[in-house]
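Visitor: Before we begin, I would like to understand how the descriptive words used for a structure are justified. Could you take me through them one at a time?

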Amino acid sequence: MNRVCHLTSTHKSTDQRILLKECVSLKNAGFDVCLIAQGKSSLFEGIAIIGTGEEKKSAFYRLLIRPGKIYKIALKKQADIYQIHDMELLPYAVKLKKAGYQVIFDCHEDFASRFADSDVFHLPKWFMKAAGRAYIAYEKYVIKKLDALISVTPHICNRLKESNRNTVMITNYPIIAAGNLWSEKVRYCRESDYICFAGQISCIQYALDAVVRAIQDIEGIFLHLYGPERRKGDIDYLRSLDSNKKVRYFGVLPFQELPKKISNSRMAIVTAAYSKDTGGHLGTLGNNKLFEAMLRGVPVIFTDFKLWREFNDIYHFGIPVRHGNIQDMKNAIQYLLNNPTEAEHMGSRGREAVLRRFNWTTQEKQLVNLYIRLKEKLEG
């Protein structure tokens with residue numbers, strides 16, 4: 001009764017949360033784990049990765065074709081517990097339940113809110129609103145039938161609990177482990193001349209235009225950007241605002257190269273937008289960028305979400321700013337530059353907070369306990 005199968009039609013097989021955190025943790029706890037995802041088949045630390053043989057990226061293929069292929073492979077595995085990671089797999093969750101299997105839905109984000117994001121689907125707003133309402137109704141219908149639900153942050157968990165009481169919050173905190181470059185001890189670099197942003201380059205999502213405007217007349221500081229453009233033209237737009245040549249774009253780097261880039265910076269920026277996915281001004285624990293920056297021992301300028309401010313009131317790791325507010329951003333940057341000793345202490349306190357509290361080890365226990373309860377239910 002130990003066979004576990006994870007299914008994803010959207011994420012790559014190397015996804016941090018799915019493979020490196022959840023699958024590896026379950027494997028280490030004694031479960032026989034496999035993962036079905038797009039791409040090629042392989043073996044990773046004893047986990048069988050079963051690829052669908054293609055990596056087509058169109059929304060049509062991802063939503064309507066690949067899920068069926070994944071389901072057919074999944075049925076052949078005859079696992080005891082299936083965990084799905086995408087909204088387009090919900091119809092197949094119902095089929096797996098009818099076939100007598102236990103099924104978990106891991107709701108990484110507020111999928112319902114994605115229908116309000118025209119950036120993702122490029123369809124008329126009236127159509128997306130109608131599709132969003134239909135999805136919410138269907139999601140409620142399906143998740144009532146499932147054995148357990150997982151999500152990453154309180155406001156999504158609270159919504160899911162209205163339909164299924166067996167909902168567990170398992171966040172996306174960083175992995176702390178020997179040999180992990182993210183965990184290595186760091187020294188704060190007071191001499192650094194750059195602010196670091198690592199993630200999707202987006203003026204809408206991360207208000208990077210406000211950062212560029214804020215630093216134009218601040219001496220001796222630059223903005224280093226690492227990551228893909230969310231929309232074509234965002235980098236060109238940022239450069240058009242950069243009259244004093246303060247922006248340096250390095251493109252997409254391997255994940256294991258980012259720790260050094262962050263720890264060598266003077267400060268990090270994590271200014272996510274207020275959205276349905278963040279519960280508006282409440283904030284989310286699903287955005288791992290905040291905790292990764294804290295782990296690297298640098299002070300963080302972050303969006304003034306309620307959740308993040310509450311953490312900062314305890315650990316004092318950075319400075320909250322209003323999303324997109326240029327003066328807030330400018331004041332925060334200047335404070336950290338003018339107070340290097342306090343900036344260093346902020347970085348140290350943030351790192352210590354992650355090592356003690358905001359790390360995957362604390363979440364791994366909840367995941368394994370959930371699976372043990374479902375296993376006992378099967379055996380009982």
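The conversation below goes from the whole chain to pairs of helices and then to a single residue.

Guide: Please keep in mind throughout that this is a predicted model.

Visitor: What makes the radius of gyration of the protein agree with that of a compact globule?

Guide: For 380 residues the globule rule, 2.2 Å times the number of residues to the power 0.38, leads to a value near 21 Å, and because the protein has 21 Å, the two agree. Along the principal axes, the C-alpha atoms fill a box of roughly 65 × 45 × 40 Å, and the secondary structure comes to 15 helices and 14 strands.

Visitor: How much of the protein is buried, and what share of its contacts joins residues 24 or more positions apart?

Guide: Buried residues, meaning those under 20% relative accessible area, make up 54% of the 380 residues. Of the contacts with a separation of 6 or more, 69% are between residues 24 or more positions apart.

Visitor: Why is helix H3 called roughly parallel to H5?

Guide: The axes of H3 (residues 90–98) and H5 (residues 125–143) come within 10 Å and cross at roughly 20°. Angles under 35 degrees count as roughly parallel, and H3 is therefore roughly parallel to H5. The crossing in which H3 passes H5 is left-handed. On the H3 side, Leu90, Pro91 and Val94 take part, and they meet Tyr135, Tyr138, Glu139 and Val142 in H5; by class, these residues divide into 6 nonpolar, no polar and 1 charged.

Visitor: Why, then, are H13 and H14 described as roughly perpendicular?

Guide: For H13 (residues 326–338) and H14 (residues 340–356), the axes come within 5 Å and cross at roughly 100°. The range for roughly perpendicular is 65 to 115 degrees, and so the term applies to H13 and H14. Here Tyr335, Leu336, Leu337 and Asn338 in H13 meet Pro340, Glu342, Ala343 and Met346 in H14, a contact with 6 nonpolar, 1 polar and 1 charged residues.

Visitor: Why does Leu75 count as partly exposed?

Guide: Buried means under 20% and exposed over 50%, with partly exposed in between; Leu75 has 30% relative accessibility and therefore counts as partly exposed. Leu75 lies in helix H2 (residues 59–77) and, leaving aside its neighbours within four places in sequence, is in contact with Tyr82, Leu96 and Tyr101. The C-alpha atom of Leu75 is separated by 34 Å from that of Asn359, which is 284 residues apart from Leu75 along the chain.

Conventions:
Residues are numbered from 1 along each chain as its sequence is written. This is a predicted model: local features need pLDDT of at least 70, side-chain atom pairs count only at pLDDT 80 or more; totals for chains, interfaces and linings use all residues. Side-chain values use heavy atoms; hydrogens and water are left out. Axes are lines fitted to C-alpha atoms, for helices over the stretch in contact, and angles run from 0 to 180 degrees between N-to-C directions. Helices (H or I, at least four residues) and strands (E, at least two) are DSSP runs, numbered from the N terminus. Angles under 35 degrees count as roughly parallel, over 145 as roughly antiparallel, 65 to 115 as roughly perpendicular and the rest as oblique. A crossing is left-handed if the near helix is turned anticlockwise from the far one by less than a right angle, and right-handed if clockwise. Contact means heavy atoms within 4.5 Å. Ala, Val, Leu, Ile, Met, Phe, Trp, Tyr, Cys and Pro count as nonpolar, Asp, Glu, Lys and Arg as charged, and the others, Gly among them, as polar. Buried means under 20% relative accessible area, exposed over 50%, partly exposed in between (1.4 Å probe, protein chains only).
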